[in-house]
Amino acid sequence: MSDVPEISPEGVEAAVADALAAIADAPDTAALKQVRAAHQGEGSRLAAFNAQMRSVPKERKAEFGKLVGQARGRVTQALVAREEELAEAETHARLQAESLDITAIGSRTRQGARHPIALMQERICDHFVAMGWDIAEGPELEHEWFNFDSLNIDEDHPARQEQDTFYVDPAERHLVLRTQTSPVQMRTMLERDLPIHMLSPGKVARTDEFDATHLPVFTQAEGLVIDKGITMAHLKGTLDHLAKQLFGEEAKTRLRTNHFPFTEPSAEFDLWHPTFSGGARWIEWGGCGMVNPHVLRAAGIDPEVYSGFAFGIGIERALMFRSDVQDMRDMAEGDVRFSEQFGMVV
Ligand code: DAH
């Protein structure tokens, strides 16, 4: 301890003064711990003075003992007091930081919104379920037989050409991305007991452009009723009822003759849209008809006893008409700001 001066009242006082100054300056308990080690621990001046007591002449031992003892006592007291003060301040600061203002308005994490196509699909399903119809589902990856052959669409029908249909490898499995929800008609006729009242919503795919009025993947809903004595009047009434439900009391439908291989007679149907943004008008909405006897027979149903109607509507088109969506691409791009406008934020 050669750098420590001999014990003297001034030397001890100076060591105490340094210690007290350092204690007062310690900004937090961690710093105070270091101050304690430096000014009171092993190697500190006070510890050195204490060690020197051994070599102090007998007659001065009491005097120096008191001096060093009191010095150490003052430093210890100051350390304890500062320790308490700092610990209290730190606890206070922590509580402050952790405190919750329960009156504050919480920040909500934006999670998204139900997609308007899903909402429209649900709305249409609810309408039919309320009339006692069943909802049926079919696979989006469909066998060619269900998508085409069973529906009386033969090999050289234009819809079967490559430019319309996504064929799926390997070719010998005869799988396609279904081009329509109509294959669910056949699946339902094969699986369910008569009479049938079913609606089948779902995705379909065609090799179409992606533009304002076409999507390569879009959504349809297929309706099918098979019972004794079903006529085209039932079909017309069903479509009108749906139109009014979705577009208001003044809405109605009209049939225009057309051809689909799986219905006979067949029609395209238009919607009278009373509140269309460009003025009330007829707009094309879907296809329909009386189920072709060939299709009934393929499903093992006797066309002499049973008859039925079928229709297919585009869900995207229904959404365009109902909510005045101009560009179909908005429905496919998945921007939550589009979905949020339909009011179903979750
Ligand atoms: N599947 C047809 C299409 O996607 C629409 C259609 C027409 C469905 C007539 C039917 C129907 O059920 O009877 O173009």
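Colleague: Which residues lie nearest the centre of the largest pocket?
Modeller: In this predicted model, R206, F218, Q220, F260 and G287 lie nearest its centre, among 39 lining residues. A pocket here is an open set of points on a 1 Å grid that admits a 1.4 Å probe, with protein on both sides within 12 Å along at least five of seven lines; lining residues have an atom within 4 Å of a point.

Colleague: How much space lies in it?
Modeller: The largest pocket holds about 900 Å³ (space filled by probe spheres set on the points).

Colleague: And which elements give two or more residues to its lining?
Modeller: They are β6, β7 (252-260), β8, β9, β10 and α10. These are DSSP runs: helices (H or I) of at least four residues and strands (E) of at least two.

Colleague: What about the second largest pocket: which residues are nearest its centre?
Modeller: F276, M320, F321, D324 and V325 are, out of 15 that line the second largest pocket. That pocket has about 280 Å³ of space. Both α8 and α10 supply at least two lining residues, and the largest share, 4 residues, belongs to α10.

Colleague: Changing topic, what is F311 in contact with?
Modeller: Beyond its neighbours within four places in sequence, F311 has contacts (heavy atoms within 4.5 Å) that include F128, W133, L199, L235, L239 and F269. G287, one of the residues nearest the centre of the largest pocket, is also in contact with F311.

Colleague: Where are the domains?
Modeller: The domain assignment places domain 1 at 9-98 and domain 2 at 116-340. Their C-alpha centres are 89 Å apart.

Colleague: Any conventions to note?
Modeller: Residues are numbered from 1 along each chain as written. Local features need pLDDT of at least 70, side-chain atom pairs 80 or more, while totals for chains, interfaces and linings use all residues, and side-chain values use heavy atoms without hydrogens or water.

How values were computed
Domains from an automatic or database assignment.
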